[in-house]
Structures are given as structure tokens and as C-alpha cells.
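Grab a coffee and work through a few exercises on the structure shown below. Try each task yourself before you read the solution.

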Amino acid sequence: MAWQVAELEKFPALTWDEIAPQASVAVRTALERVLETQDGACLRDEQRYVLANCDHADLLALLVAADTLRRDLVGNIVTYVVNRNINFTNICFVGCKFCAFSRGPREADSYFHSLEDMGRKSREAWELGATEVCIQGCTSTRFLRWKSCMAWN
Ligand code: SF4
């Protein structure tokens, strides 16, 4: 692990030509194909598996290739949007244990925001500079009724 951390941190300073000779043939072949086509979809499943499991010099090559491809495709300018995530409810009947967020409908801290609350939260976001809201929620059975309301308003 110590090798990885120290070595992997070097990747922004490396070029593909420097790291490619150190990579295994399988990894180098797959990455050269992606760099050539600029399309990861060109890989076969076996090649994807090799890349998903690579380590050491192969992992370093993967990082350098990904950074090279990113630079070639979109350059070095990073953009972002100010966004607010608004969860209209935390009530969920699935209880899949993926999140620590969901509540049963009778739990004291469960909620289901009204359309007015959602509008207020969206306006708050706008006033704070947001240009986008992401509205999401759990799988409450009330969602269908709420969705119908949204369609009509
Ligand atoms: S809210 Fe989503 S992730 Fe959380 S328990 Fe329900 S289905 Fe699972």
C-alpha cells in the first residue's frame, strides 16, 4: 500500500510515453486502444476486467491514460453549477439498508414536504446563487399522489 500511495501521487507529472513501457502488455494494449479511439466502449469485457483489477505500474498507467484522455477531450478548465438537493420525503417502504436516511411513515422524524415547501426551498436556493435543484426522495406510496399534484400545478 505504501508503494501505491507514494507512486500514485506522481501521476500528474508523468506522461503516457514515460509510464507505458512499465505497464503490462494487457493493460498497455487496452489503454492504447482507448487513447487512440478516445472511446472506452471500444474495449472487450476481458480488457475492462483487466483495467478494473490493475495495480502498481498498471494502475499508474491507467491514471495517466485517464488524465491524458480527459485533457485531450475537455482540456483543463473545470466548471461547476451551484445546486441544491431537495429531498421531498424521507419516507421509504423498501428499507434496503443502503442509506441511513429512510424512515418509516410513523417515525417521529419522517417528513413529506408540501409543494409550497419545495417551492420555498427552491427559491432559497436561487437566492443563494443556485442555478439548479435536484429533487429526489424515497419510495413513499404518497409519491404517486404528489406527482399527480405536480402535473396539475
Ligand atoms: S431511500 Fe432508497 S436507499 Fe434508502 S432505504 Fe429507501 S430505497 Fe433504500
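What follows is a set of four exercises on this predicted model, each with a worked solution.

**Exercise 1. Lay out the chain.**
Work out how many helices and strands the protein chain has, and in which order they run.

*Solution.* Start with the count: there are seven helices and two strands in the protein chain. Next, walk from the N terminus, and you read α-α-α-α-α-β-α-β-α. Then check burial: of the 153 residues in the protein chain, 14% are buried. Finally, look at the contacts between residues at least 6 apart in sequence: 72% of these link residues at least 24 apart.

**Exercise 2. Pair the strands.**
Find out how β1 and β2 are joined, and which unit they make with helix α6.

*Solution.* Begin with the ranges: β1 covers residues 83-87 and β2 covers residues 132-136. The two strands run parallel, with five bridges joining them. Now pick out partners: Asn83 has Glu132 in β2 as its bridge partner, and Asn85 sits opposite Cys134 of β2. Add helix α6, residues 115-127, and together β1, α6 and β2 form a right-handed β-α-β unit. One last step on β2: zero of its five residues are buried, so this strand lies largely in the open.

**Exercise 3. Describe the ligand shell.**
Which residues surround the ligand, and how do they divide into nonpolar, polar and charged?

*Solution.* First list the shell: Cys92, Val94, Gly95, Cys96, Phe98, Cys99, Phe101, Ser102, Cys138 and Thr139 surround the ligand. Then sort these shell residues: seven are nonpolar, three are polar and none is charged.

**Exercise 4. Place Pro21.**
Is Pro21 buried or exposed, and where in the chain is Pro21?

*Solution.* Locate it first: Pro21 belongs to the loop between α2 (16-19) and α3 (25-37). Next, count neighbours: Pro21 has 9 C-beta neighbours inside 10 Å. The cut-off for exposed is 12 or fewer, so Pro21 counts as exposed. To finish, look across the sequence: Ala61 is 40 residues from Pro21 in sequence, with 9.2 Å between their C-alpha atoms.

Methods: Residues are numbered from 1 along each chain as its sequence is written. This is a predicted model: local features need pLDDT of at least 70, side-chain atom pairs count only at pLDDT 80 or more; totals for chains, interfaces and linings use all residues. A residue is near a molecule or strand if its C-beta atom, placed from the backbone, lies within 6 Å of it. Ala, Val, Leu, Ile, Met, Phe, Trp, Tyr, Cys and Pro count as nonpolar, Asp, Glu, Lys and Arg as charged, and the others, Gly among them, as polar. Two strands pair if DSSP finds at least two bridges between them. Helices (H or I, at least four residues) and strands (E, at least two) are DSSP runs, numbered from the N terminus. A crossover is right-handed if, with the strands pointing away from the viewer, the path from the first strand over the helix to the second runs clockwise. A residue is buried if 20 or more other C-beta atoms lie within 10 Å of its own, exposed if 12 or fewer, and partly exposed in between; C-beta atoms are placed from the backbone. Two residues are in contact if their C-beta atoms, placed from the backbone, lie within 7 Å.
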